[in-house]
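This report looks at strand pairing, aromatic contacts and charges placed over rings. The sequence and the model are shown first.

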Amino acid sequence: MTLERCPCGSGRAYAACCGPLHAGARLAETPEELMRSRYSAYAKHDADYLLRTWHPRTRPQPGELVFDELLRWTGLEVTAAEGSTVDFVAIYETGATGAPMMGALAEHARFDRRGGRWVYVDGDVTA
């Protein structure tokens, strides 16, 4: 039996990493852990988790969060995590036919603590 690796890049099994956060069994302890779990939720198309962990002021309405079926998240690198901000680069590939095209999304993300839990507020795309 092979264990599913967590998409967040921790090297751990999904069931011991972001899986319990997605299932609501525990809360992220830091902004970086929340950001990693949100990346994994994008990779797994888990809109419910993303909406639950988004600040109500900036959260999209249900139905507004749409996943691109041709895009696959393939890697994550956290470049800085300090206080309530996390800088990261998320790698993806996309394309319907032929060789996939690779790309990267770099963001300076801001988080806030609300009701005892971390939530994503917003971010600035940096590359």
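## Terms and model

A residue counts as buried under 20% relative accessible area, as exposed over 50%, and as partly exposed in between. The structure discussed here is a predicted model.

## The hairpin

Strand β1, residues 71–82, and strand β2, residues 85–94, run antiparallel and are joined by 10 bridges. One residue of this pairing is G75, whose bridge partner in β2 is I91. The two strands form a hairpin with 2 residues between them, and in the turn G83 has a positive phi of about 60°.

## Aromatic contacts

The structure holds 5 aromatic pairs. One of them is formed by W73 and Y92, which meet edge-to-face with 5.5 Å from centre to centre and 75° between the planes. This pair links distant parts of the chain, since W73 lies in strand β1 and Y92 in strand β2, 19 residues apart. Y92 has a relative accessible area of 22% and is therefore partly exposed, because that class lies between the limits of 20% and 50%. Together with Y39, the residues W73 and Y92 form one aromatic cluster.

F111 and Y120 form another edge-to-face pair, with 5.7 Å from centre to centre and 70° between the planes; both F111 and Y120 are buried.

## Charges over rings

Which ring lies under the charged end of R38? The charged end of R38 sits over the ring of W54, at 4.6 Å from the ring centre. In the case of K44, the charged end sits over the ring of Y14, and the distance to the centre of that ring is 4.5 Å.

Note on methods: Residues are numbered from 1 along each chain as its sequence is written. This is a predicted model: local features need pLDDT of at least 70, side-chain atom pairs count only at pLDDT 80 or more; totals for chains, interfaces and linings use all residues. Side-chain values use heavy atoms; hydrogens and water are left out. Two strands pair if DSSP finds at least two bridges between them. Helices (H or I, at least four residues) and strands (E, at least two) are DSSP runs, numbered from the N terminus. Rings of Phe, Tyr and Trp (its six-membered ring) pair if their centres lie within 6.5 Å; planes under 30 degrees apart count as stacked, over 60 as edge-to-face and the rest as tilted. Buried means under 20% relative accessible area, exposed over 50%, partly exposed in between (1.4 Å probe, protein chains only). A charge sits over a ring if NZ of Lys or CZ of Arg is within 6 Å of the ring centre and within 35 degrees of the ring normal.
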